[in-house]
Amino acid sequence: MAEKPEVIVIGAGPAGLTAGWELVKRDVPVTVLEGDSTVGGISRTAEREGWRFDIGGHRFFTKVPEVEALWHEILPDEDFLMRPRSSRIMYNGKLFDYPLRAGNALRGLGVLEAVRCILSYAWARVRPPQDQTKFEGWVAARFGWRLYGIFFKTYTEKVWGVPANTIEADWAAQRIKNLSLLNAIVNAVMPKRNQKDIASLIEEFQYPKHGPGMMWEAAADKISKRGGKIVFEEKVRRIHHADGRATGVTTVVTGGYGPGAGAPEASRTDIGSEHRYSGDEIISSMSFSSLIRVMDPPAPDHVLAAANALRYRDFLTVALVVPESAGFPDNWIYVHSPELLVGRIQNFASWSPFLVKEGRTCLGMEYFVFEGDETWSMPDEDLIALASKELAQLGLVPADQVERGFVVRMPKAYPFYDADYKKNVEIMRGWLAEAAPNVHPVGRNGMHRYNNQDHSMYTALLTVQNLVDGAEHDVWGVNVEEDYHEEVSPGYAKAPR
Ligand SMILES: Cc1cc2nc3c(=O)[nH]c(=O)nc-3n(C[C@H](O)[C@H](O)[C@H](O)COP(=O)(O)OP(=O)(O)OC[C@H]3O[C@@H](n4cnc5c(N)ncnc54)[C@H](O)[C@@H]3O)c2cc1C
């Protein structure tokens, strides 16, 4: 390999752009290949008719100093806002603080239910659930069965679309690691202790004033200005390898994924044509399962079977423009009510005043779905009607006050942690390390890790240090167990984002 390798980076999300930026800083020739017509991946900011909104709502919070430094290297300080975090759970027509605060939760539930919850917690302390390897047992052991049923089960099942007793505990452990009902009570009594130790209690975060996409637009700009190449609307269709090394990739021109994915219209006219790129090293943030599937010649059957067994949960958001007065002070509200499909509602005005327009706000009604299921496949008009109806059912905004709606679908939003995912990832890693050790998986879906932006970026940063600076970091060792994660489930200490 030449002293300065030619590097191909797959994907222009946080991980791919981090790799691109770190490489051009070192004067390494790089080509970033992005299937869509926009930057940012899941962390993009969608733009429709001048309204800007996130896929979820992306907090910038990290305990990794290198990533913190990178954020401020990419965006000037004046482009960051420091936002207070505020979120609540809607349950049974009432709003509860989230992260759960013992006093607030028990008061809101009423004396009788509160006593039941405390007794149930005491019982779980005396007789802990036998199986704590699954989400259900893990949470019940820390909060008691009753609180688990009220605040954790329904939302978690909405997020993942499967019974909570089939979800691995890893996911809960990652986000609510240090929290239990006992800790929550201690926090309520001694609110000043260092709450950053507990992922679920992060109380403020940084946010680029025009949304996270602003960060990735700036990163792409910097990469191009330093001579890096970013190619849009080309999806990697094959990764060629021979004699134990990858030699390059073939892409197909997609024309972008279009407005349904929150991307601008296609700019390319050569849709369907193929292009070949050569490289000495390939840094990949495309999903790990797709990466294995595009290896050419193909991976052996058992490796392909492992790749095909990895699953994802997909996501769509219906952004509704409503009068500002109809907004709420929270960044988001978790919706536990099982009779409604919506899982969470963002108020983008609470994220940044720069995202909304005079007198109006934009609410993101979030639906956790499987790609191709009934909700995913609904026409946009029907989704807007559904979201408007559910917003009214929640008593938040009458349907006739919804001025406008936009739908953004995001496939593979959440890598699924099922009972076999670790084993499958091991099989895929093992084969890749032999067949093409110069292909380096990074990022969230790239490594099938429930990484936030910071860890997605960190894996890319460490990979570049390994490739160019001669470092020997264990990239797979980047700690996903640390919390302060997006929140997926409101019942938990923090809900998933
Ligand atoms: C609802 C939600 C809320 C979140 N909230 C937060 C938060 O508050 N804070 C936080 O830090 N993180 C949050 N995250 C996590 C964050 O979005 C991810 O960590 C981050 O986007 C992962 O970056 P990535 O570059 O690894 O992957 P991605 O963002 O998935 O980017 C991958 C890119 O690769 C491209 N690509 C895929 N396949 C190919 C191919 N074959 N060829 C070419 N290009 C390809 C994709 O189009 C995409 O642009 C949230 C995630 C979700 C789903």
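Four strands of this predicted model make up an open sheet, and their order across it is β12-β11-β10-β14, with mixed pairing. The edge positions belong to β12 (274-278) and β14 (295-296); each has a single partner strand, so one side of each is left without a neighbour in the sheet. As a reminder for what follows, strands of a sheet pair through backbone hydrogen bonds, either parallel or antiparallel.

Let us walk across this sheet, beginning at the β12 edge. Here β12 pairs with strand β11 (residues 245-253) in the antiparallel sense, over five bridges. One place to look is V252, whose bridge partner in β12 is E274. How buried or exposed is E274? Its relative accessible area is 38%, and because buried means under 20% and exposed over 50%, E274 counts as partly exposed. You can also set E274 against R237: the two residues are 37 apart along the chain, and their C-alpha atoms are separated by 10.0 Å or less, at 8.8 Å. To put that last separation plainly, it is 8.8 Å.

The next step takes us from β11 to β10 (234-242). These two strands pair in the antiparallel sense over eight bridges. V252 appears again here, since K235 stands opposite V252 in β11. Which residue in the turn between β10 and β11 has a positive phi? The two strands form a hairpin with two residues between them, and D243 in that turn has a positive phi of about 50°.

On its other pairing, β10 meets β14, and this time the strands run parallel, joined by two bridges. H240 has D296 in β14 as its bridge partner. D296 is worth a second look, as the peptide bond from D296 to P297 is cis, with omega near 5°. P297 itself is placed in the loop between β14 and α11 (301-309).

Strand β10 also leads us to the ligand. The largest share of the shell around the ligand comes from β10, which gives three residues. In total, 35 residues surround the ligand, and the closest are A15, E34, H58, R59 and N451. By character, the shell divides into 12 nonpolar, 15 polar and eight charged residues.

Where in the domain layout does the ligand lie? Domain 1 (7-48 + 62-74 + 211-310 + 418-477) and domain 3 (312-415) both give residues to the shell, so the ligand lies between these two domains.

Some backbone atoms come within a short list of distances from ligand oxygens. A backbone N or O atom of N451, one of the closest residues, lies 2.7 Å from an oxygen atom of the ligand. For P14, a polar backbone atom is 3.2 Å from a ligand oxygen, and for G57 the corresponding distance is 3.3 Å. How much of the ligand does the protein bury? Taken alone the ligand exposes 1000 Å², and the protein buries 94% of that. The elements that give two or more residues to the shell are α1 (14-25), β10, β19 (404-415) and α16 (453-469).

Staying with β19 for a moment, this strand contains K412. The phi of K412 is near 55°, a positive value in a residue other than glycine. At 23% relative accessibility, K412 counts as partly exposed.

A second hairpin offers another positive phi. Strand β3 (residues 45-48) and strand β4 (residues 51-54) run antiparallel and are joined by four bridges. Within this pair, A46 stands opposite F53 in β4. Two residues separate the strands of the hairpin, and E49 sits in the turn. Although E49 is not a glycine, its phi is positive, at about 45°. Is E49 buried or exposed? With a relative accessible area of 51%, E49 is exposed.

For contrast in accessibility, turn to V9, found in strand β1 (residues 7-10). V9 has a relative accessible area of 0%, so it is buried. The C-alpha atoms of V9 and L23 are separated by 10.0 Å, with their positions 14 residues apart along the chain.

How values were computed:
Residues are numbered from 1 along each chain as its sequence is written. This is a predicted model: local features need pLDDT of at least 70, side-chain atom pairs count only at pLDDT 80 or more; totals for chains, interfaces and linings use all residues. Side-chain values use heavy atoms; hydrogens and water are left out. A residue is near a molecule or strand if one of its heavy atoms lies within 4 Å of it. A polar contact is a pair of N or O atoms within 3.5 Å; within protein, one must be able to donate a hydrogen and the other to accept it, and residues adjacent in sequence count only if both atoms are side-chain atoms. Accessible areas come from the Shrake-Rupley method with a 1.4 Å probe; for residues, only the protein chains shown count as cover. Ala, Val, Leu, Ile, Met, Phe, Trp, Tyr, Cys and Pro count as nonpolar, Asp, Glu, Lys and Arg as charged, and the others, Gly among them, as polar. Domain bounds come from an automatic or database domain assignment. Two strands pair if DSSP finds at least two bridges between them. Buried means under 20% relative accessible area, exposed over 50%, partly exposed in between (1.4 Å probe, protein chains only).
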